[in-house]
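This briefing concerns the aromatic contacts of one protein and the confidence with which they are modelled. Please consult the sequence and structure shown here while reading.

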Amino acid sequence: MKQSRRQFLTTTVATAGVVTLLPYAAQAAAHGGNMFPMTGGEVKVHPIDHASFVMETPAGVIYCDPVGEVANYNDFATPDLILITHEHGDHYNAETLAGVVGENTQILTNPAVYDMLPEALKAKANALANGEQAMFNEVSIEAIPAYNTTEERKQFHPQGRDNGYIVNLSDFRVYISGDTEATPEMLALENIDLAFVCMNLPFTMDATSAAAAVSTFKPSFVYPYHYRGRDDGTQDPAAFAAMVGEGIEVKMGDWY
């Protein structure tokens with residue numbers, strides 16, 4: 001049974017990390033956008049659903065893994081950049097992409113999704129393999145390996161196929177995990193200002209593993225996202241927040 005967002009956010013939270021819980025009405029407005037100041041402007045985050053979000057930055061408007069109804073994106077500017085982490089239906093949908101792209105939209109994706117794209121979308125896209133980089137409006141985008149490390153989960157996200165991303169704005173580094181467990185590559189991250197970290201079973205990792213990983217690479221801010229699971233595998237973002245180390249501010253987005 002799907003747990004409602006209100007049920008998640010009314011869970012008691014211990015004060016291990018700093019937790020930002022916006023009022024329900026404020027979160028619902030504008031998809032619960034949060035702003036992060038940086039040189040030359042601000043980064044504004046709009047959770048859409050599960051793994052999909054819009055990020056307004058001084059370098060342009062970035063959509064990550066846009067899926068679902070195109071109408072969900074009507075309130076936002078046309079994307080300058082779309083990032084796609086991998087091929088699963090909660091991250092990639094060709095019809096949604098076709099409905100949100102603009103004339104000048106660029107798409108960055110892993111090679112597996114690039115090969116699946118319809119020709120019209122492929123003409124706007126570039127493939128990034130694990131460890132590769134691309135430039136977008138003078139911003140470096142790094143493809144970070146995203147994969148399962150637990151033996152019984154490796155069929156979901158095999159090593160070498162899927163991407164996470166780092167978006168290197170002028171003085172603000174954003175890490176987007178995609179679907180992954182706490183890999184050595186994640187644990188080795190440095191100087192991350194804002195992170196989006198997945199947690200759900202059986203597909204990625206539980207809240208305990210996610211909190212331990214975040215406590216290791218220590219972003220300034222972190223959104224728990226992608227936490228709806230299967231067979232009682234949904235993770236509680238409030239429990240995650242209670243386990244995150246000190247000095248990391250946990251942001252609760254309106255994902256569901």
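The points below cover model confidence, two aromatic pairs, the ring cluster and a charge over a ring.

The model is predicted. Its average pLDDT is 89, and 87% of the residues score at least 70. The structure contains 15 aromatic pairs.

**Confidence**
- Residues 1-32 have a pLDDT under 50 throughout, and the model gives this segment 61 contacts beyond four places in sequence.
- Where pLDDT is low, predicted coordinates should not be interpreted in detail.

**The pair of F53 and Y225**
- The ring centres of F53 and Y225 are 6.3 Å apart and the planes meet at 70°, so this pair is edge-to-face.
- Because F53 belongs to strand β4 (residues 52-57) and Y225 to strand β14 (residues 221-225), the pair ties together parts 172 residues apart in sequence.
- F53 has a relative accessible area of 1% and is therefore buried.
- Y225 is likewise buried, at 0% relative accessibility.

**The pair of F196 and Y225**
- F196 and Y225 form an edge-to-face aromatic pair, with 6.0 Å from centre to centre and 65° between the planes.
- This pair links distant parts of the chain, since F196 lies in strand β13 (residues 194-198) and Y225 in strand β14, 29 residues apart.
- F196 is buried, with a relative accessible area of 0%.

**Cluster and charge**
- F36, F53, F172, F196, F221, Y223, Y225 and W255 are linked into a cluster by ring pairs.
- K122 places its charged end over the ring of Y114, at 5.2 Å from the ring centre.

Note on methods:
Residues numbered from 1 in each chain as written. Predicted model: local features only at pLDDT ≥ 70, side-chain atom pairs only at ≥ 80, totals over all residues. Heavy atoms only, no water. pLDDT = per-residue confidence, 0-100. Contact = heavy atoms within 4.5 Å. Phe/Tyr/Trp six-rings, centres within 6.5 Å; stacked < 30°, edge-to-face > 60°. Helix = DSSP H or I, 4+ residues; strand = E, 2+ residues; numbered from the N terminus. Buried < 20%, exposed > 50% of the residue type's maximum accessible area, 1.4 Å probe, protein only. Lys NZ or Arg CZ within 6 Å of the ring centre and 35° of its normal.
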